[in-house]
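Okay, thanks for coming, everyone. I've got a structure to walk you through today, so let me put it up on the screen.

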Protein chains: 2
Amino acid sequence: MTKFFDNIDSKNKYKLLRSFKADTHNFKENEDITNIVFERNVIALLVSGSVNLIRNNENGNDFVLDKIEENNIISDVIYTINKDDYYLITTEETEIVTMNYSDVINYRGKNKYYPILIRNMFDIINSKAKLFNERINIMARRGIRNKLLAFFEIQFKKNNSRNIYLPFTFTEMADYLGVDRSAMTREMKLLKDEGFIKTTGKRITLLYK
Amino acid sequence: MTKFFDNIDSKNKYKLLRSFKADTHNFKENEDITNIVFERNVIALLVSGSVNLIRNNENGNDFVLDKIEENNIISDVIYTINKDDYYLITTEETEIVTMNYSDVINYRGKNKYYPILIRNMFDIINSKAKLFNERINIMARRGIRNKLLAFFEIQFKKNNSRNIYLPFTFTEMADYLGVDRSAMTREMKLLKDEGFIKTTGKRITLLYK
DNA sequence: TCTGTAATGTTGCAACTGCAACAATACATA
DNA sequence: TATGTATTGTTGCAGTTGCAACATTACAGA
């Protein structure tokens with residue numbers, strides 16, 4: 001997975017940040033940075049420290065959706081975020097740099113690492129776009145069963161194995177598919193009963209075709 | 001909307017294409033180019049001519065989802081495509097250039113327009129990612145009503161107007177939301193009856209809040 | 001203007017889904 | 001290992017949704 005400053009040395013990294021008139025924000029542990037990061041048209045970069053992306057269930061059962069580490073981009077483009085449902089909390093002392101998207105994209109300076117930076121960004125966004133794309137294709141199916149099967153199909157093609165190891169919990173998977181968890185469990189049980197799949201913990205084995 | 005070769009003159013455009021060992025494909029009118037374009041890891045570029053992205057309804061009611069014009073990217077990243085449901089047909093004599101993604105991204109040549117190219121690509125993908133993101137946020141809502149309201153909300157914020165002019169047909173809108181068209185119509189009627197919205201042709205007026 | 005095609009409106013119905021609530025496990029960490 | 005917390009399993013139920021089928025209206029090309 002490409003990171004923002006891959007192949008750019010530290011000196012030039014800071015030079016570039018200066019050219020973009022990047023704003024540096026420093027936080028202690030446990031600060032909410034949602035509003036700083038999810039400004040419109042802002043690219044935020046986690047320079048040091050670490051941040052949790054948390055889902056805010058109204059019943060108070062929050063949970064960590066993603067741990068974001070150094071050199072990764074956090075921005076409204078990257079995460080499928082609804083400010084009401086999610087928030088971002090630092091888990092240690094953290095430095096975040098925010099840049100204006102237009103400043104970055106319209107940079108006309110001479111730093112020879114700029115192209116590398118843009119290439120890195122392109123690669124990052126591109127992978128995200130592919131993942132988004134994938135998820136849309138799944139969510140667009142009608143009915144939970146079809147969503148599940150579409151999801152399995154993609155995992156199957158990716159790993160070329162009938163054994164799928166879930167990269168997240170079933171709770172998160174229901175969220176990923178955009179369906180109710182209990183309804184999803186019910187449908188999974190039907191698929192099992194009908195002999196389409198078999199599950200062992202977080203491993204799902206496809207028995208069909 | 002940024003295009004692939006924005007700010008790159010024709011001479012350098014072809015130089016770059018050569019560096020990428022790009023493959024040129026020529027088609028007559030009415031040829032199916034789905035398989036050439038939606039290869040894995042391929043970026044396809046419409047150099048000249050025009051292509052229709054068509055949705056393939058099993059009942060034989062195909063329809064044009066998008067007309068792709070010169071200098072646009074056509075690739076599996078850009079379009080949320082399921083090969084079974086969609087296909088691409090040239091509508092005139094058309095030249096398409098395919099490049100391997102890795103070749104483009106790992107280019108280490110000296111052409112000074114390369115950075116511009118990558119920047120263009122970044123901008124293109126970035127807008128797409130934003131749109132994908134938006135759609136996911138809508139589709140993730142439970143129930144047709146919530147999807148509709150989420151959609152309206154986004155349009156409202158975008159245009160800062162309570163009047164939403166649908167950029168597509170209701171049939172396509174149902175598809176966009178990932179729900180059954182008739183069920184969507186039914187829900188819209190309820191929203192109307194309850195006084196939340198008003199519709200006039202493709203204009204929807206929000207009456208709430 | 002006519003005509004065929006696509007889009008929209010509508011409805012019944014069976015099946016599905018979300019929701020709520022609770023039980024049973026699994027998991028992490030003190 | 002014990003204990004609290006998160007995840008998973010399960011179920012009833014009402015309301016929602018997808019599907020199929022058909023009527024009506026809008027629209028574009030001859």
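**Where protein meets DNA**

Let me start with one contact: the side chain of Ser182(A) has an N or O atom 3.1 Å from a base nitrogen of DNA strand C. Before I go on, please keep in mind that this is a predicted model.

So, staying with DNA strand C, what else touches the strand? Take Phe170(B): one of its backbone N or O atoms sits 2.9 Å from a phosphate oxygen of DNA strand C. Then there's Lys202(B), where a polar side-chain atom lies 2.5 Å from a phosphate oxygen of that strand. As for secondary structure, the elements giving two or more residues to the surface near DNA strand C are helix H7 (181-193) of chain A, plus helix H6 (170-177) and helix H7 (181-193) of chain B. Which helix gives the most? That's H7(B), with 5 residues.

Zooming out a little, 18 residues surround DNA strand C, and the closest are Gly143(A), Ile144(A), Arg186(A), Phe170(B) and Lys202(B). If you sort the residues of that surface by class, you get 4 nonpolar, 6 polar and 8 charged. And if you look from the DNA side, 47% of the strand C atoms within 4 Å of the protein belong to sugar or phosphate, with the rest belonging to bases.

**The other strand**

Now for DNA strand D. There are 18 residues around this strand too, and Phe170(A), Lys202(A), Gly143(B), Ile144(B) and Asp180(B) come nearest. Here are some of the polar contacts. A polar backbone atom of Ile144(B) is 2.4 Å from a phosphate oxygen of DNA strand D. Glu187(B) also pairs with a phosphate oxygen of this strand, through an N or O atom in its side chain, at 3.3 Å. For a base contact, go to Arg186(B): a polar side-chain atom there lies 3.0 Å from a base oxygen of DNA strand D.

Which elements build this surface? Helix H6 (170-177) and H7 of chain A, along with H7 of chain B, each supply at least two residues. H7(A) gives the most, with 5 residues. The class breakdown is 4 nonpolar, 6 polar and 8 charged residues. Of the strand D atoms within 4 Å of the protein, 45% are sugar or phosphate and the rest are in bases.

**How the two chains relate**

You may have noticed the chain letters swapping around. Chain B superposes on chain A by a rotation of 180 degrees, with 0.0 Å of shift along the axis and an RMSD of 0.1 Å. That's what you get from a two-fold axis. And both copies use the same surface: 100% of the contact residues of chain B recur in chain A.

**Inside a chain**

Let me use chain A for the overview. Chain A has 7 helices and 10 strands, and 49% of its 209 residues count as buried. Looking at contacts in chain A between residues at least 6 apart in sequence, 73% join residues at least 24 apart. Here's one pair to look at: Ile73(A) and Ala44(A) are 29 residues apart along the chain, and their C-alpha atoms are separated by 5.8 Å. Ile73(A) is in strand S5 (residues 73-75) of chain A, and counts as buried because its relative accessible area is 7%, under the 20% cut-off.

**One helix up close**

Last stop is chain B, and a lysine. Is Lys13(B) buried or exposed? Lys13(B) counts as buried because its relative accessibility is 13%. This lysine is in helix H1 (residues 10-19) of chain B. Leaving aside neighbours within four places in sequence, Lys13(B) contacts Phe5(B), Ile8(B), Val47(B) and Asn71(B).

The buried residues in H1(B) are Asn12(B), Lys13(B), Leu16(B) and Leu17(B). Why do they end up on the same side of the helix? Because they cover an arc of only 140 degrees around the axis. On the other side of H1(B), Lys11(B) and Arg18(B) are exposed. What covers the buried residues includes strand S2 (42-48), strand S7 (94-100) and helix H4 (114-139) of chain B.

Now the ends. Asp9(B) caps the N-terminal end of H1(B), with a side-chain oxygen 3.1 Å from the backbone nitrogen of Lys11(B). Just after the helix, Lys21(B) takes a positive phi of about 50 degrees.

That's my tour. Any questions?

Technical notes: Residues are numbered from 1 along each chain as its sequence is written. Chains are lettered from A and ligands numbered from 1 in the order in which they are written. This is a predicted model: local features need pLDDT of at least 70, side-chain atom pairs count only at pLDDT 80 or more; totals for chains, interfaces and linings use all residues. Side-chain values use heavy atoms; hydrogens and water are left out. Helices (H or I, at least four residues) and strands (E, at least two) are DSSP runs, numbered from the N terminus. Buried means under 20% relative accessible area, exposed over 50%, partly exposed in between (1.4 Å probe, protein chains only). Contact means heavy atoms within 4.5 Å. The arc is that of the directions from the helix axis to the C-beta atoms. A polar contact is a pair of N or O atoms within 3.5 Å; within protein, one must be able to donate a hydrogen and the other to accept it, and residues adjacent in sequence count only if both atoms are side-chain atoms. A residue is near a molecule or strand if one of its heavy atoms lies within 4 Å of it. Ala, Val, Leu, Ile, Met, Phe, Trp, Tyr, Cys and Pro count as nonpolar, Asp, Glu, Lys and Arg as charged, and the others, Gly among them, as polar. Copies are superposed by least squares on the C-alpha atoms of residues with pLDDT of at least 70 in both.
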